[in-house]
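Please open the structure in your viewer and keep the sequence at hand. The tour below proceeds from one selection to the next.

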Amino acid sequence: MRVSYRWLQDLVKLDLPVLEVIDDLTMAGLEVDSYVDLGAISGSIVICEIQDIRPHPDADNLVLCQVRTNHSTSLQIVCGAKNIQPGDRVPLALPGANLPNGVVIKKTKIRGETSEGMLCSGIELDWNSDASGILILPPEMPVGEPFDALLDIKITPNRPDWLSIFGIARELASRFGKKVFPPTPRFQETMDRIDAFVKISVVPKHDCMRYTARLIRNVKIQPSPLWLVRALESAGLRAVNNVVDVTNYVLLELGHPLHAFDLDKIGNHQIIVRNAKEGEVIETLDGETHKLKDTDLLITDPSKPIALAGIMGCKNTEINDSSINILLESAYFTPLTIRRTSKRLNKQTDSSYRFERGTDRECVTLALNRATQLIKELAGGDVTKGIIDISATFHPEDPIPMNISTVNNMLGTQLSSREIADKLVNLGFEIRRSDRERMMMSVPSYRVDVHHEVDLIEEIARGYGYGKIRATLPYLPARPTVVNGLDQAASHLSTLLVNQGFTEVITFSFIGREQLAAVGLPEHNVIELLNPIAQNQSIMRTSLVPGIVETIKFNMNRGISDIKIFEIGKVYFKTDDKGCPDEQTQLIVAMTGPRQAHWRGGHESCDLYDIKGIAELLMQSLSLPSVEMSTLAKLSYLHPKRAVKVMCGDVEVGRFGEFHPDMEEKFELQRRLYLLEINLESVQSLAKPKGLFTEVPKFPGVVRDLAVVVEESIPAIAVEQIIARVTQPVLEEVKLFDLFRGDQIPKGKKSLAYSIRYRAADRTLTDEEVNQYQEAVIKALKEQVKATLR
């Protein structure tokens, strides 16, 4: 936002160096990004008055100007401009002045005549783009004073109250103990009432909380006076005509957007504020056409749109030289409504920039009356009596409670209640109730960013001065941390996998439908995003598989073949009751490439048993009871013959297997991929507490091997479970150490060899006892799985 320092000075007089004011603005939060010194800082560009103009004796295109900069000093300036005359007040660059374009002014002779400076054009001062002549200033500007300084101020999005000259002046006044008052418009009204000439209705009052209007008849459209033109140029705007320029001037002065309609171009003299129809088309003042949605807000008459509310008017009611009757609009539009339309249409104007951040609801009529006063002064006309004011029900916010001790604890200060009150009152806040420990503060209507106690504390810190607050370490009392069981399990498994050589990755929670379809997952329970940032991120993921497979593919395409990665993240499912989505925390492990690269060789690729080993390691580390693994029914993205589900009792806690060959081909993977998925919420709820230390056994164990032949369809785990049930009192461990198929084994059968360790806690087992258990095992296996001893 470009701000004229002279305009600021007109509102609040500051007897301080300009650079000191700039530093203070920055410390207050209004960062002055850059500035153009036009004499206010250096004093080298001043306002002068041309007293006399005479021809140059040795150059037809030059003249000699005699100018004065105060009552006693007169200077001669050689100039070639044709637009000046005696009595004009213009900017004069004195010797030593450094212009914005880099030119340094020197006292010099031009064709034999001394020139003691330079009269400046608008483009030379970076004031406007006019290079055709000297910048003529309003006649009321005082001779001899420094001209101006243009400040480029960055306004943070949460402070729309600073988007005006008055708002910045109000901030400066509060910081330097000055007073600043808004304008007090005064004008005479006719006896005719406005509602006899204009009808206004507002349909969506949640989008247009307040709509006001005034009618000014019999105006004369003409160019604006010089003071108004220069004021607009100081902010980077161009002059159009006196009525339009007044609306822009009030926008800059008070920060509230206005719009002027030609009443005679409004059908039936009736205004209707409504939502656009889906697909409705309008043409705005800049000549662009826009196709609208039913969430956009329009100003219309009974037959056509006449403005895109809060953004820009339409050509069909614009003010031109033939306009006579002016309907002036001042409204409060809901910020979200304007922001949504502005962003979608990629159309940001000075009005939308302010409306979408939040304007002052109480400034609506002030801005309207201020513009009415200026239009009457500059364009004449008759102000019709009264204002049309349509407002939705408005509930002011309750006062905010604030504790004095909280303020000092948070800022590290020792401010008294009186000092705190003074800081806030200077900023426009009002004390409703107070005592030694607590205050109830009412927030001014223009402070749309203040809602909580911490916001008030921030204002106190700004008023007190950030530079005065000592840097101290915050008081952080040590308290025992209660770790969530789910987080604890995730952290434990993450550490375990890292120790096994895996790398943790993080993929997006947003994916596209095509990613789900690529791995054959259903779409009926997905959660769609209302405003996705991209088409391939339009839904919440229901599985970690798409993201991890894309990561594998990304790395393989870059020549990385040895990949061992995992991710712990949430998946999201739509619920039938339309309440909060069902969120589940899951773990996925992926591995591909050689089992272990080594200089001695051993470049075998990992297989199903490697991922099975990882699954067993994770299950054992969580002390899950009764873990069983069995063949998994068909799953779209796993190999139909190499997929396993992991059960804990009757709960499926995970699954693993080889990635489906068809999927590998679709994703163009160069190696076989193995995946493991674990539902962390299920395993965390079933996990046993960590076991305590047990003493070393006092009595020796006995190890016996047992090899049996069973049907090919009998899983090894079934045999192991039978052994465990029969020998349960003295069984310490049972392990499968050999699987054999060959000529010695009948077709359709396999040999399983187990190592069984027996141990009793209170005695040494005899051979006779162990033999009895062995025989019992053999008998049970024959009866239950028709096993034969090999």
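Which residue in β6 does valine 46 stand opposite? Select valine 46, and leucine 92 in β6 will be found opposite. This is a predicted model, in which local features need pLDDT of at least 70, side-chain atom pairs count only at pLDDT 80 or more, and totals for chains, interfaces and linings use all residues. Residues are numbered from 1 along each chain as its sequence is written, and side-chain values use heavy atoms, with hydrogens and water left out.

Next, display strand β3 (residues 45–56) with strand β6 (residues 89–93): they pair in the antiparallel sense over five bridges. Strands are DSSP runs (E, at least two residues), as helices are (H or I, at least four), numbered from the N terminus; two strands pair if DSSP finds at least two bridges between them. Widen the selection to the open sheet of five strands, ordered β5-β4-β3-β6-β9, with antiparallel pairing. At its edges stand β5 (74–79) and β9 (118–119), each with a single partner strand, so one side of each lacks a neighbour in the sheet.

Proceed to helix α12 (residues 485–499) and helix α15 (residues 608–621). In α12, select His492, Leu493, Leu496 and Leu497, which meet Ile614, Leu617, Leu618 and Ser621 in α15; contact means heavy atoms within 4.5 Å.

Finally, select leucine 765, in the loop between β38 (749–758) and α19 (767–785). Leucine 765 is buried, with a relative accessible area of 7% (buried means under 20%, exposed over 50%, partly exposed in between, with a 1.4 Å probe and protein chains only).
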